[in-house]
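Grab your viewer and a notepad. Here are a few exercises to work through, each with a solution you can check yourself against.

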Amino acid sequence: MTTDPVVRLEAEEAADPFVISGRTLTSRLLLGTGGAPSLEALERAVVASGTQVVTIALRRVEASTSTGLLEVLDRCGVQLLPNTAGCMTAREAVRTAQLAREAFDTAWVKLEVIADEQTLLPDPIELLDAAEQLVADGFTVLPYTSDDPILARRLADAGCAAVMPLGSPIGSGLGIGNPHNIALIRELVSVPVILDAGIGTASDAALAMELGCDAVLLASAVTRARDPEQMALAMRHGVEAGRLAARAGRIPRRWHALASTSMQGRPDL
Amino acid sequence: MQITINGSAAEVDESITVAALVRDRIEGDRRIAVAVNSGVVPRSQWETTQLGPGDSIELLAAAAGG
């Protein structure tokens with residue numbers, strides 16, 4: 001075995017890759033495009049993040065910035081992940097996903113079915129219904145879900161390609177409210193777990209990875225930061241640091257102190 | 001004939017196809033999707049799908065979003 005830690009870790013990573021629907025992704029950070037102050041700022045953030053997958057929404061032509069946005073993302077060489085943002089029923093979400101597949105020629109979809117505009121929390125009943133319909137229609141379904149481990153398991157059992165539990169409500173920046181549930185989800189499903197929503201800063205992204213998540217999806221934390229490009233770089237490092245820490249194995253928590261310096265050989269002064 | 005495009009009334013030629021409407025209304029990038037009366041019209045059917053009076057059309061494109 002090589003003694004160069006970077007080479008060794010790359011080999012370990014290659015042996016345990018992040019794969020969605022047969023595609024291996026070397027970046028474990030997925031980026032949303034909502035909330036950026038300008039297309040220039042978005043492009044710099046996408047590049048700095050190192051991401052390979054970027055979410056977009058589908059909206060009426062006159063209200064969109066379609067051409068410029070897609071040009072930027074084409075230049076960045078990222079895969080498009082259309083979302084169903086704003087949908088409140090399975091019916092709407094399924095149609096939106098089908099329309100996005102026609103528009104962007106991809107069967108990948110970030111499935112969002114929210115209950116209301118105030119909480120933006122997923123409606124679990126509609127979400128599972130939509131997921132089942134889209135899986136049957138051949139989609140690679142990445143559902144934005146609550147941090148309920150049983151719902152996550154139901155979504156995985158329904159054939160979703162990954163599950164994407166929230167850390168806290170969309171855009172709140174409150175971080176991971178229930179780390180125990182996120183770790184439990186990781187235990188209960190065999191598909192990738194992507195922490196989606198609620199990330200506020202790089203330490204939140206690192207925590208998600210330390211809890212065992214396979215990747216992190218975030219938007220506002222970068223696009224609404226004072227310096228999106230710098231925060232994108234911070235998130236990239238946060239995800240990498242958390243991943244390394246999870247693999248390295250943290251020390252157990254102790255109630256009392258444990259000296260790292262031996263008492264043996266202490267001089268009698 | 002009168003139809004609705006993205007929520008606004010519009011006057012178009014009789015029996016215009018989805019493909020012709022897209023050519024008229026969309027400049028540049030055609031990575032768009034079309035729904036007629038809430039039904040998805042696959043790209044492969046744009047040329048053969050004719051619109052009728054009172055149809056409600058959604059022309060959708062990429063927008064920034066989480």
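The exercises below use a predicted model, starting with the chain contact and then moving into chain A.

**Exercise 1. Work out how much area is buried between chain A and chain B, and which residues of chain A lose the most.**

Solution.
- Start with the residue lists: chain A brings 31 residues to the contact, and chain B brings 22 residues.
- Next, the area. About 2,200 Å² is buried between chain A and chain B, with 57% of that coming from carbon and sulfur atoms.
- Now look at the chain A side: Arg60(A), Leu99(A) and Glu102(A) lose the most area to chain B, and together they account for 27% of what that side buries.

**Exercise 2. Tally the polar links across the interface of chain A and chain B, then say which elements of chain A supply the touching side.**

Solution.
- Salt bridges come up as two across the interface of chain A and chain B. One of them joins the side chains of Asp74(A) and Arg31(B), at 2.6 Å from N to O.
- For polar contacts, the count between the two chains is 12 residue pairs, both partners at pLDDT 80 or more.
- As for elements, strand S4 (53–60), helix H3 (66–76) and helix H4 (90–104) of chain A each supply at least two residues to the side that touches chain B. H4(A) gives the most, with seven residues.
- Sort that side of chain A by class and you get 12 nonpolar, 10 polar and nine charged residues.

**Exercise 3. Find the strands that pair with S4(A), and give the sense of each pairing.**

Solution.
- Across the interface, S4(A) pairs with strand S5 (residues 56–64) of chain B, antiparallel, over five bridges. To get the register, put Arg60(A) opposite Leu60(B).
- Inside chain A, S4(A) runs parallel to S5(A), and four bridges join them. Here Val54(A) sits opposite Leu80(A).
- Check the faces of S5(A) (residues 79–82) too: Gln79(A) and Leu81(A) are buried on one side, Leu80(A) and Pro82(A) on the other, so both faces are covered.

**Exercise 4. Is Glu112(A) buried or exposed?**

Solution.
- Locate Glu112(A) first: look in the loop between strand S6 (108–111) and helix H5 (124–136) of chain A.
- Its relative accessible area is 6%, and the cut-off for buried is under 20%, so Glu112(A) is buried.
- Then list its contacts, skipping neighbours within four places in sequence. Among them are Asn83(A), Cys87(A), Tyr144(A) and Ile170(A), plus Gly66(B) from the other chain.

**Exercise 5. Map the surroundings of S10(A) and H8(A).**

Solution.
- Take S10(A) (residues 215–218). Ala215(A) and Leu217(A) are buried on one side, and Val216(A) and Leu218(A) are buried on the other.
- Strand S3 (residues 29–32) of chain A pairs with S10(A) in the parallel sense over three bridges. Strand S9 (residues 194–196) of chain A also runs parallel to S10(A), joined by three bridges.
- Val216(A) helps you line things up: Leu29(A) stands opposite Val216(A), and so does Leu195(A).
- Move on to helix H8 (residues 202–210) of chain A, where the buried residues include Ala202(A), Asp204(A), Ala205(A) and Met209(A). Their cover includes S9, S10 and helix H10 (228–248) of chain A.
- Finish just past the helix: H8(A) is followed by Gly212(A), which has a positive phi near 110°.

Methods. Residues are numbered from 1 along each chain as its sequence is written. Chains are lettered from A and ligands numbered from 1 in the order in which they are written. This is a predicted model: local features need pLDDT of at least 70, side-chain atom pairs count only at pLDDT 80 or more; totals for chains, interfaces and linings use all residues. Side-chain values use heavy atoms; hydrogens and water are left out. Contact means heavy atoms within 4.5 Å. Buried area is the accessible area (1.4 Å probe) that two parts lose on being put together, summed over both. A salt bridge is a side-chain nitrogen of Lys or Arg within 4 Å of a carboxyl oxygen of Asp or Glu. A polar contact is a pair of N or O atoms within 3.5 Å; within protein, one must be able to donate a hydrogen and the other to accept it, and residues adjacent in sequence count only if both atoms are side-chain atoms. Ala, Val, Leu, Ile, Met, Phe, Trp, Tyr, Cys and Pro count as nonpolar, Asp, Glu, Lys and Arg as charged, and the others, Gly among them, as polar. Two strands pair if DSSP finds at least two bridges between them. Buried means under 20% relative accessible area, exposed over 50%, partly exposed in between (1.4 Å probe, protein chains only).
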